[in-house]
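Visitor: I should like to learn how to read the features of a protein model, one at a time. May we begin with the structure in view?

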2 protein chains.
Amino acid sequence: MVSVTSFPRETRLIGLDWGSSSLRAMLIDGEGQVLLSRQSTQGASTLHGGPAAFSAALDELIGDWHATGQPLLACGMVGSQHGWREVPYAACPADARALATGALAVDWRGRSVRLLPGLRCDTEAGPPDVMRGEETQVLGALELLPELAARSCIVMPGTHSKWAQVVDGTVRSFATQMTGELYAVMRQHSVLGRLMLADPQPDLLAFAEGVRAARDHGELGLPHQLFAVRTLGLTGRLAHEALPDYLSGLLIGHELRAGLQARDASAPLVLLGEPALCQRYVKALDLFGVGEVQVLPNTAAAGLWRIAQVARGVL
Amino acid sequence: MVSVTSFPRETRLIGLDWGSSSLRAMLIDGEGQVLLSRQSTQGASTLHGGPAAFSAALDELIGDWHATGQPLLACGMVGSQHGWREVPYAACPADARALATGALAVDWRGRSVRLLPGLRCDTEAGPPDVMRGEETQVLGALELLPELAARSCIVMPGTHSKWAQVVDGTVRSFATQMTGELYAVMRQHSVLGRLMLADPQPDLLAFAEGVRAARDHGELGLPHQLFAVRTLGLTGRLAHEALPDYLSGLLIGHELRAGLQARDASAPLVLLGEPALCQRYVKALDLFGVGEVQVLPNTAAAGLWRIAQVARGVL
């Protein structure tokens, strides 16, 4: 048995935010607040031993929580093809109820862990888009800021940024932008990186210049404007220290150009994620004339709580 | 002395097409035709010993041509900052005369090798663009197809594709697109490559689908459309074997989208370069409704000859 001191008795849910590269376990109370959290680097893409490996990862991180009897709910890549068990994507439009009913259970030494589905968005413009984990964050934002449920555009910047359009508490559609990965790959593996220093000071003026290049001349195309990162350095128009931030601004600017065009301009815009990265987006959005932006940190806990509440009714 | 059999007496110029990764030396006759050519992998970016290393590379490849007394003219990265000697860029608009007068000489064991300048294009839309070597190919195209001199758009597909606008025998402006490098970097270093096979059969249907995605939905943005390469594979909409060609089509489609918008639509379009790659562009251009396209292989020799003729008058 676990003692009351190490396991808060207000706990109503054990939430697992289980992505590719990390696992975060949270004790969540009856208000959706996190009482305690633990983190490990045993992300879904690091575990190669099938279900036993996932079960062992839980043993290692929260073995002492097993006996408490609280329900377990997980979101993220743990439900992917290479996760604990593949949970088919729910289709947009989808709300908390659709996610709750799409969950599938796995066994953790005699206890049930419910894995949430990701979301799939089929579009007329061709290929479907997918997310796993971010859908839970979107619902978390609606839990924390209920006024967003009627209509909002929720942006989660990152390696693969997600732009979700919410109407009536439902994710109507979303789109992924590979902005963060493009930045990393171009910086580390393309000719653009050759002029860049390993770890320069941030240069917000260069960042803004990159955003403006995308805003004002984006029709020249990203494959062309990327080359400018090189010529700006070669011709001394930008110091080599400034080039990474110019590249960052250019890519985020192209993301905004496409993302803002697709959203309902009357919908409030919310950023979810790592605060320093969100601040870059706030600055870039301001240059695009979008001044009113709310910023929240990772909202997975609130999303898991919201879905768990709905799940009681449907499961 | 070199014997007549190994050195054609019709030779009027020794042309050097000296890029980053290779050196090609050509004996050129009074009609601009190549009589004999030799190639080595001693490109400018492979030589780190300063002028002596460049001189030695010539010794190795064409030491037996040294005594013939024919003029030597070189284009390409050999004139860059890290080349034999830096030759400042000539500025657009520029014709053969401007390139000839911008050349600077280096010494090869008592003989003069003239290095041509690259071209620089300053634009209102921000950063300058640059080329080194392709300007000579453009002039070569005008030498081979004189009807292009009045007005043409000359496209050189590759790692860094160049689109040059020609009016009255003059390169008015040009733009670089990093299409080939984006393809290589995304395939080798991004998440997109994970679903791809090492060496699949070409899939022209998938290529066309990628071109159409860029043509019809390019406003969704390249950072978004790139992610579709992954979802098409994940959801089985495209076979994994087909993904490299879809990516190729998507990127070339975005290049055409931007390039065709910038050109004078009444100017004939010409492709210069490696035949198989040019055929991809012909197919993509056809999907964009541009059916009449001429294709030429590398035209550096004809360009060097054209500039050498002009140089007699101005040097």
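Visitor: Is Gln261(B) buried or exposed?

Guide: Please keep in mind that this is a predicted model. Gln261(B) has 54% relative accessibility and therefore counts as exposed, since the cut-off for that class is over 50%. Gln261(B) belongs to helix H7 of chain B.

Visitor: Which residues does Gln261(B) touch, leaving out those up to four places away in sequence?

Guide: Gln261(B) touches Glu219(A) and Leu256(B). As for distance, Gln261(B) and Ala276(B) lie 15 residues apart in sequence, and their C-alpha atoms are 25 Å apart in space. A second pair with a sequence separation of 15 residues is Ala56(B) and Thr41(B), whose C-alpha atoms are separated by 13 Å. Ala56(B) is placed in helix H1 (residues 51-62) of chain B, and it counts as partly exposed because its relative accessibility is 38%.

Visitor: How should one read the contact between the two chains?

Guide: The size of an interface is often given as the accessible area lost when the parts come together. Here, chain B and chain A bury about 3,600 Å² between them, and 70% of that area is on carbon and sulfur atoms. Met178(B), Pro223(B) and Phe227(B) supply 18% of the area that chain B buries against chain A, more than any other three residues. The contact draws 41 residues from chain B and 41 residues from chain A.

Visitor: How many salt bridges and how many residue pairs in polar contact are there between chain B and chain A?

Guide: The count of salt bridges between chain B and chain A is zero. Nine residue pairs are in polar contact between these chains, with both residues at pLDDT 80 or more.

Visitor: Which elements give two or more residues to the side of chain B that touches chain A?

Guide: They are strand S9 (126-131), strand S12 (170-177), helix H4 (179-189), helix H6 (222-234) and helix H7 (243-262) of chain B. H6(B) provides the largest share of that side, with nine residues. Sorted by class, the side of chain B that touches chain A has 21 nonpolar, 14 polar and six charged residues.

Visitor: Where, then, are salt bridges to be found, and how are they read?

Guide: One looks at the partners, at the N to O distance and at the accessibility of each residue. Over all chains the count comes to 18 salt bridges. In one of them, Arg24(A) pairs with Asp17(A), and the closest N and O atoms are 3.3 Å apart. Both Arg24(A) and Asp17(A) are buried.

Visitor: Which parts of the chain does the salt bridge of Arg151(B) and Asp264(B) link?

Guide: The side chains of Arg151(B) and Asp264(B) meet at 2.6 Å, N to O. The pair links distant parts of the chain, 113 residues apart: Arg151(B) is in strand S10 (residues 151-156) of chain B, and Asp264(B) is in the loop between H7 and strand S13 (269-272) of chain B. Arg151(B) counts as partly exposed because its relative accessibility is 37%, and Asp264(B) is partly exposed with a relative accessible area of 29%. A further salt bridge joins Arg215(B) and Asp216(B), with the closest N and O atoms 2.8 Å apart. Arg215(B) is partly exposed, at a relative accessible area of 30%, as is Asp216(B), at 39%.

Visitor: How does one read a helix?

Guide: An α-helix has 3.6 residues a turn, so residues three or four places apart point the same way. In H8(A), the buried residues are Cys278(A), Tyr281(A), Ala284(A), Leu285(A) and Leu287(A). They pack against several elements of chain A, including helix H5 (204-217), helix H7 (243-262) and strand S13 (269-272). Helix H8 (residues 275-287) of chain A has 13 residues and reaches 19 Å from its first C-alpha to its last, close to the 18 Å expected. Just after H8(A), Gly289(A) takes a positive phi of about 85 degrees.

Visitor: What span should helix H1 of chain A have, and why?

Guide: Helix H1 (residues 51-62) of chain A has twelve residues, so at 1.5 Å a residue it should span 16 Å; its end C-alpha atoms are 16 Å apart, which agrees. Among the buried residues of H1(A) are Phe54(A), Leu58(A) and Leu61(A). What covers the buried residues of H1(A) includes strand S1 (11-18), strand S2 (23-29) and strand S3 (34-40) of chain A.

Technical notes:
Residues are numbered from 1 along each chain as its sequence is written. Chains are lettered from A and ligands numbered from 1 in the order in which they are written. Side-chain values use heavy atoms; hydrogens and water are left out. Contact means heavy atoms within 4.5 Å. Buried area is the accessible area (1.4 Å probe) that two parts lose on being put together, summed over both. A salt bridge is a side-chain nitrogen of Lys or Arg within 4 Å of a carboxyl oxygen of Asp or Glu. A polar contact is a pair of N or O atoms within 3.5 Å; within protein, one must be able to donate a hydrogen and the other to accept it, and residues adjacent in sequence count only if both atoms are side-chain atoms. Helices (H or I, at least four residues) and strands (E, at least two) are DSSP runs, numbered from the N terminus. Ala, Val, Leu, Ile, Met, Phe, Trp, Tyr, Cys and Pro count as nonpolar, Asp, Glu, Lys and Arg as charged, and the others, Gly among them, as polar. The expected span of a helix is 1.5 Å times one less than its number of residues. Buried means under 20% relative accessible area, exposed over 50%, partly exposed in between (1.4 Å probe, protein chains only).
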